[in-house]
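Biologist: Before I plan my reading of this protein, could you take me through its architecture, one question at a time?

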Amino acid sequence: MIELENVGYSYGGGELLSDVSVRLSPGSFHFLTGPSGAGKTTLMKLCYGALQPTTGRVRAFDADMAGLDRDQMALLRRRVGVVHQDCRFLDHLPLTDNIALPLIVSGHDKEQQRQNLDDLMNWVGLSQRAEALPPELSGGERQRAALARAVILSPDVVLADEPTGNIDWEMSQRLLQLLIELNKMGKTVLVASHDLALIRAAKSQVQARVLRIANRQLHLAGADL
Ligand SMILES: Nc1ncnc2c1ncn2[C@@H]1O[C@H](COP(=O)(O)OP(=O)(O)OP(=O)(O)O)[C@@H](O)[C@H]1O
């Protein structure tokens, strides 16, 4: 589904990723871990075409991303839902409008928008918060809203960057359950996380592979995690 082949990524500060190869096959669940600054966000950006590799190639849905034109890239982006580390809401718009933005931008009609939105708000447990402004939300509510926005176009792949970064254990568990549910629906899921306790909790519930970035390279973590 998404495949990195011998990918390297360098910027002015030097080489961040070197010879990274990984395949996120359809329906798989992966965690991505590693120290702060190791390149987890960068690797995710390479997966959805926000960054281009310096060497190697990234394939998504059987196409080499380097060969995609703007329209093809826009289509690809719809198939990959991203939960950004900082959530990125428009603070002056109610939550429901923030979550609906991808639907509006992609031209879904009003009735379809309303139905999808109601279902999704219910699924993430935010129906009562539809009219709240983003700054009024708790950390856990923000993360669930960001997840709802990421999946509103029914993507095949969900990439979540530290989705439980600033929330307590109970709320992290709730978010994890949503990610597991998405995976059980057949979606490919990649979650970047520092939280080893969360990863261990997940591994008892879902078949997940744990990838670790260390010294610019990607390693498959063993059972000792
Ligand atoms: N194009 C770029 N220009 C400048 N710096 C970059 C660029 N790409 C990555 N970096 C730097 O590389 C490092 C890795 O960033 P990245 O956000 O991918 O790490 P991370 O593992 O997600 O970190 P964290 O766990 O703290 O979120 C950071 O220090 C970042 O500033």
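Modeller: What follows is a set of questions and answers about this structure. This is a predicted model, in which local features need pLDDT of at least 70, side-chain atom pairs count only at pLDDT 80 or more, and totals for chains, interfaces and linings use all residues. Residues are numbered from 1 along each chain as its sequence is written.

Biologist: Which helix gives the most residues to the shell around the ligand?

Modeller: The ligand is surrounded by Y11, G12, G13, L16, G34, S36, G37, A38, G39, K40, T41 and T42, where a residue is near a molecule if its C-beta atom, placed from the backbone, lies within 6 Å of it. By class, this shell holds three nonpolar, eight polar and one charged residues, with Ala, Val, Leu, Ile, Met, Phe, Trp, Tyr, Cys and Pro counted as nonpolar, Asp, Glu, Lys and Arg as charged, and the others, Gly among them, as polar. Helices (H or I, at least four residues) and strands (E, at least two) are DSSP runs numbered from the N terminus. With three residues, the greatest contribution to the shell comes from helix 1 (residues 40-47).

Biologist: How is the chain divided, and how many Å separate the centres of the two domains?

Modeller: The domain bounds, which come from an automatic or database domain assignment, give domain 1 (1-79 + 156-225) and domain 2 (86-154). Taken over C-alpha atoms, the separation of their centres is 23 Å.

Biologist: Which element gives the most to the side of domain 1 that touches domain 2?

Modeller: The contact takes twelve residues from domain 1 and ten residues from domain 2, two residues being in contact if their C-beta atoms, placed from the backbone, lie within 7 Å. On the side of domain 1, the elements that give two or more residues are strand 7 (157-161) and helix 6 (169-184). That side has eight nonpolar, two polar and two charged residues, and the element that gives the most to it, with five residues, is helix 6.

Biologist: Where does the largest nonpolar core lie with respect to the domains?

Modeller: A nonpolar core is a set of buried Ala, Val, Leu, Ile, Met, Phe, Trp, Tyr and Cys residues joined through C-beta atoms within 7 Å; a residue is buried if 20 or more other C-beta atoms lie within 10 Å of its own, exposed if 12 or fewer, and partly exposed in between, with C-beta atoms placed from the backbone. The largest core has 57 residues, of which C47, L147, A148 and L159 touch the most other members, and its largest share, six residues, comes from helix 5 (residues 139-151). Because both domain 1 and domain 2 give residues to this core, it lies between them.

Biologist: Which residues does A148 contact, leaving aside its neighbours within four places in sequence?

Modeller: A148 is one of the core residues that touch the most other members. Beyond its sequence neighbours within four places, its contacts are I99, L120, M121, V124 and L126.

Biologist: Which strands stand at the edges of the open sheet?

Modeller: Four strands form this sheet in the order 2-1-4-5, with antiparallel pairing, and strands pair if DSSP finds at least two bridges between them. Strand 1 (residues 2-11) joins strand 2 over seven antiparallel bridges, and E3 stands opposite R23 in strand 2. Each edge strand has a single partner, so one side of each is left without a neighbour in the sheet, and these edge strands are strand 2 (14-24) and strand 5.

Biologist: What is the bridge partner of V83 in strand 7?

Modeller: Strand 6 (residues 80-83) is covered on both faces, with V80 and V82 buried on one side and G81 and V83 buried on the other. Four bridges join strand 6 to strand 7, and the two run parallel. Opposite V83 in strand 7 stands A160.

Biologist: Is D62 buried or exposed?

Modeller: Most residues other than glycine have a negative phi. D62, in the loop between strand 4 (55-60) and strand 5 (63-64), has a positive phi near 70 degrees. With 7 C-beta neighbours inside 10 Å, D62 counts as exposed.
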